[in-house]
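Hi,

Here is the structure I promised to pass on to you. Have a look at it first, and my notes on what turned up follow below.

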Amino acid sequence: MTINEFNFAGKKAIVRVDFNVPLDENGVVTDDTRIRGALPTLKKVLADGGALIMMSHMGKPKGKVNAKLSLSQIVGKVSERLGVDVKFAADCANADEAAASLKAGEALLLENLRFYPEEEGKPVGVEKGTPEYDEAKKAMKQSQKEFAKKLASYADVYVNDAFGTAHRKHASTAVIADYFDADSKMLGFLMEKEVNAIDNVLKNAQHPFTAIIGGSKVSSKLAVIKNLLDKVDNLIIGGGMGFTFIKAQGGHIGESLHEDELMPEALNVMAAAKEKGVKLSLSVETVAADSFTNDANRKVVDIFNIPEGWEGMDAGPASLENWKKIILNSKTILWNGPVGVFEFDNFAHGTGEIAKYVAQATQENGAFSLVGGGDSVAAVNKFGLADKVSYVSTGGGAMLEAIEGKVLPGVAAIKGE
């Protein structure tokens, strides 16, 4: 069942949203992107004549009540965006009365799901690797089912619209789906768009297909890189992770970030790319700095010859020129991770240029582009290019696991995979 086909009239719908939004010290929402992202799904329920129950986590309270992470702080903002006075249930596990009294066209927000350890299903206060932990884990699994069943009892229909947590097998993202039949559980509009965008890249890509993988560590993206080697024509590796590849080939990388233990893996990736006919493009020159600060002295140097006491901080002009040609010649582009120390303005140039190339390939050459991961998303937003790429993913971790080829529990629970 798809959300578009479903009529919520006379039904109570419990919707898992991702309202893990940033707050200032006074509990005021500083960025409501995630709230706005959920609106099409939430408004569909209300417009059909359904009653709406929203549930979300915020932060990492680790199974304990924490006033600073209470969703009561966002009720005003959600009400404003939804155009309905949202009611609030101060305890997500004891909201029977609030849910039962909800009328068509009304909305209720439950308190932070993660105030209960049962949401994440992790034993609290027991050391991992001990017999006690194994026992506690079994007991917690049962408790998690009961918690999910309780949440399910509030509604007739379950909708998952929280892609950012789709890779977690939590009570509200996966286990709860067991308590609804196939016609009473579905993905929300945002989840559908996310899943379709990733499928479009991984299963229906037009060629040439280019993946741009950046970020600081090879270890965090190795499985992604290996899975992509069977799908892409070009693989651009930038950012801090690139220095492990350079050092593995005998390059002098000065003080640049790298992972010695992953040098053999880097060489294996290069050999596999060659064998599969994938063009692997590493940086050829870098903007080096004499300290890890925004105001450090800078100079452009050959990537294989970074002087001692200096470290690579951003992609140099020759690297960007190489990557520009590859990106502009692509029909499908996947971008995850910056190619420099993006948080420092003086070393954000390379990542900004990549954003421009991806936008240009999309707008002028008709490429399909999928951008995901915090810094990549921040880059397209910073340069006002978010609406110039095909799709900006809201869930970095979930997107990476999908690209790795993993089944996302939040999706599988709905689709029965």
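Six strands form an open sheet in this predicted model, and their order is E10-E8-E7-E15-E16-E17, with parallel pairing. The edges are taken by strand E10 (279-282) and strand E17 (391-392). Each of these has a single partner strand, so one side of each is left without a neighbour in the sheet. For E10, the pairing with strand E8 (residues 234-237) is in the parallel sense and runs over four bridges. If you want a place to start looking there, asparagine 234 stands opposite lysine 279 in E10.

Next, what packs on the sheet. Helix H6 (189-202) lies across E7, strand E15 (332-336), strand E16 (368-372) and E17. The direction of H6 is at about 120° to E16. H6 also belongs to the cover over the buried residues of H13, along with helix H7 (222-228), E15 and E16, among others. Those buried residues of helix H13 (residues 396-403) are Ala398, Met399, Leu400, Ala402 and Ile403. Just after H13 comes glycine 405, with a positive phi of about 95°.

Another helix pair is worth a look on your screen. The axes of helix H10 (residues 317-328) and helix H11 (residues 349-365) come within 9 Å and cross at roughly 20°. Because angles under 35 degrees count as roughly parallel, that makes H10 roughly parallel to H11. Their crossing is right-handed. On the H10 side, the contact involves Leu320, Trp323, Lys324, Ile327 and Leu328. These meet a set of residues in H11 that includes His349, Glu353, Ile354, Tyr357, Val358 and Ala361. By type, the residues of the contact of H10 with H11 are eight nonpolar, four polar and two charged.

Finally, two backbone details that you may want to keep in mind when you set things up. The peptide bond from histidine 207 to proline 208 is cis, with omega near 0°. Proline 208 sits in the loop that links helix H6 to strand E7 (209-213). The other detail is lysine 62, which has a positive phi of about 55° although it is not a glycine. Lysine 62 is found in the loop between strand E2 (51-55) and helix H2 (75-82). Is lysine 62 buried or exposed? Lysine 62 is exposed, with a relative accessible area of 61%.

Happy to talk any of this through whenever it suits you.

Best wishes

Technical notes:
Residues are numbered from 1 along each chain as its sequence is written. This is a predicted model: local features need pLDDT of at least 70, side-chain atom pairs count only at pLDDT 80 or more; totals for chains, interfaces and linings use all residues. Side-chain values use heavy atoms; hydrogens and water are left out. Helices (H or I, at least four residues) and strands (E, at least two) are DSSP runs, numbered from the N terminus. Buried means under 20% relative accessible area, exposed over 50%, partly exposed in between (1.4 Å probe, protein chains only). Axes are lines fitted to C-alpha atoms, for helices over the stretch in contact, and angles run from 0 to 180 degrees between N-to-C directions. Angles under 35 degrees count as roughly parallel, over 145 as roughly antiparallel, 65 to 115 as roughly perpendicular and the rest as oblique. A crossing is left-handed if the near helix is turned anticlockwise from the far one by less than a right angle, and right-handed if clockwise. Contact means heavy atoms within 4.5 Å. Ala, Val, Leu, Ile, Met, Phe, Trp, Tyr, Cys and Pro count as nonpolar, Asp, Glu, Lys and Arg as charged, and the others, Gly among them, as polar. Two strands pair if DSSP finds at least two bridges between them.
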